Amino acid sequence: MRWSLHLGSLGETEIRIHVTFLLFLLWIAAIYYRQGGTGGAWQGTLFIVLIFLCVLLHELGHVFAARRYGVQTRDVTLWPFGGIASMEHMPEKPSQELIVALAGPAVNVVIAAVLLIWLGASFEPEKLAQIENPAVSLAAKLAGANIMLVLFNMIPAFPMDGGRVLRALLAMRMGNARATELAANIGQGFAVMFGVLGIFYNPMLIVIAAFIFLAASGEAAQAQLRAVAQGTLVSDAMITQFQSLATNATVDDAAEALIRTTQTEFPVVDGGGRLRGVLTRDAMIKSLKERGPSTPVIQVMDANVPTVSVRAKLDTALRSLTQRRCPVVGVTDSDNRLVGLLTIENLGEMMMVHSARPGAVSGPWGRLS
Ligand SMILES: [Zn+2]
């Protein structure tokens, strides 16, 4: 993810922090400094670090719940509005998705409850909302921040947890694609409402509204792609006309092919027609610069290219493309020979063709046929 910094790793999961989250922290620190000088700023910084910890624990709630169902998380990125855990996929079963989505906010509910019990008699509810006020005790502010995290994350719109909870609940009654479409529509309804409220109360809400609106469109488009992919074979979507490179080709040969064709990824195929790897444009240019034009492609190609059978369903290939972030998936016949390629770009083209065909009526979301 661009504009984010590596913080550490937890098992398979990388912890990252987005620069906008740092800006948000700076904003809070500046408010503390203005009101309480250097001492206030230090106290503010402690508060910031603690909030940061609560957001992280929230995300780890999702991560560990997902691990229970065998779903790994590549990274957790912290943003000002919370965090995003990029899981390989959501569990297919709605009941499992529901638990994974609720596990994050549940962590903040527990933290808030513990703090409120600890505060006991000295607890004043009206102070919970004043996180920028230095006169309120740290524990009360932290409890307030956790309650706000829960409320914000439970807004029933993507990419908030509430959106996933809503989708999971809907998916228990209807198909997954239909549930996503409906949940995305409801989310956009909320976004419009926030936008209108923002005009009257707080311009920040307009920014949040725009963000939710876009996220909902993205989620709906992905669900549509998944729905189409489930009913399509790899053979109907793959590229069959492409240039491949022999195993004895050099980077210079590859560079020539790059100029002659519109391809940016070149499969390297041996004498038996089997896929040995893929040379991307970036790797090609890099090795041309650093190792010279006579470098054999076999030394600089990516040998870890996933393959799918030509008779497989397209959603299998889609999973390889999106989860493993591979630029290309090889398609093989029953003799393991390379017969086609799949790229994100050509899946996009397939979707365009699919939604333009008569019978595929497109509403604001396109239609899931
Ligand atoms: Zn969450």
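Trainee: How many of the residues of strand β2 (residues 13-18) are buried?
Mentor: This is a predicted model, so keep that in mind throughout. Strand β2 is mostly covered, and the count of buried residues in it is 5 of 6.

Trainee: Which residue takes a positive phi in the hairpin of β1 and β2?
Mentor: Start with the pairing: β1 (residues 4-10) and β2 run antiparallel, joined over 6 bridges. Leu10 of that pair stands opposite Thr13 in β2. The hairpin has 2 residues between the strands, and the one with a positive phi, near 65 degrees, is Gly11.

Trainee: And what stands opposite Arg16 in β3?
Mentor: β2 also pairs with strand β3 (residues 73-79), this time in the parallel sense over 4 bridges. Across from Arg16 in β3 you'll find Thr77.

Trainee: Let's go to the metal. Which residues are the protein donors of the zinc ion?
Mentor: The donor residues follow the spacing H-x3-H-x98-D in sequence. The donor atoms lie 2.0 to 2.6 Å from the zinc ion, with NE2 used by each histidine and OD listed twice for the aspartate. The residues are His58, His62 and Asp161.

Trainee: What separates His58 and His62 in helix α1?
Mentor: Both histidines are buried. They are 4 residues apart in α1 (residues 19-68), so the separation is about one helical turn.

Trainee: Is the site of the zinc ion tetrahedral or irregular?
Mentor: Ideal angles for four tetrahedral donors are 109.5 degrees. To count as tetrahedral, all angles have to lie between 85 and 135 degrees. Here the angles among the 4 donor atoms are 55 to 150 degrees, and the site is irregular.

Trainee: How are α1 and α3 oriented to each other?
Mentor: Two packed helices are described by the angle between their axes and the distance between the axes. The axes of α1 and α3 (residues 138-153) come within 10 Å and cross at roughly 45 degrees. The crossing is right-handed. The two helices are therefore oblique.

Trainee: Lys141 caught my eye. Is Lys141 buried or exposed?
Mentor: Lys141 lies in helix α3. Its C-alpha atom is separated by 9.5 Å from that of Ile51, a residue 90 positions away along the chain. With a relative accessible area of 1%, Lys141 is buried.

Trainee: Which strands stand at the edges in the sheet with the order β8-β9-β10?
Mentor: That open sheet has 3 strands with mixed pairing. The twist averages 30 degrees from one strand to the next. Each edge strand has a single partner, so one side of each is left without a neighbour in the sheet; the edges are β8 (307-309) and β10 (338-343).

Trainee: What does Thr307 stand opposite in β9?
Mentor: β8 and β9 (residues 328-332) run parallel and are joined by 3 bridges. Opposite Thr307 is Gly330.

Trainee: In β7, what is the bridge partner of Val269?
Mentor: This takes us to another open sheet of 3 strands, with the order β5-β6-β7 and mixed pairing. Its edge strands are β5 (245-246) and β7 (275-280), each pairing on one side only. β6 (residues 265-269) pairs with β7 in the antiparallel sense over 5 bridges. The partner of Val269 is Leu275.

Trainee: Zooming out, what percentage of the residues of the chain count as buried?
Mentor: The chain has 12 helices and 10 strands. Its C-alpha trace spans about 80 × 50 × 40 Å along the principal axes. Of the 369 residues, the buried portion is 45%.

Key:
Residues are numbered from 1 along each chain as its sequence is written. This is a predicted model: local features need pLDDT of at least 70, side-chain atom pairs count only at pLDDT 80 or more; totals for chains, interfaces and linings use all residues. Side-chain values use heavy atoms; hydrogens and water are left out. Donors are N, O and S atoms within 2.8 Å of the metal (3.2 Å for Na, K and Ca); water is not among the atoms, so sites may look incomplete. Four donors count as tetrahedral if all angles lie between 85 and 135 degrees; four count as square planar and six as octahedral if opposite donors are over 155 degrees apart and all others between 65 and 115; anything else is irregular. Buried means under 20% relative accessible area, exposed over 50%, partly exposed in between (1.4 Å probe, protein chains only). Two strands pair if DSSP finds at least two bridges between them. Axes are lines fitted to C-alpha atoms, for helices over the stretch in contact, and angles run from 0 to 180 degrees between N-to-C directions. Angles under 35 degrees count as roughly parallel, over 145 as roughly antiparallel, 65 to 115 as roughly perpendicular and the rest as oblique. A crossing is left-handed if the near helix is turned anticlockwise from the far one by less than a right angle, and right-handed if clockwise.
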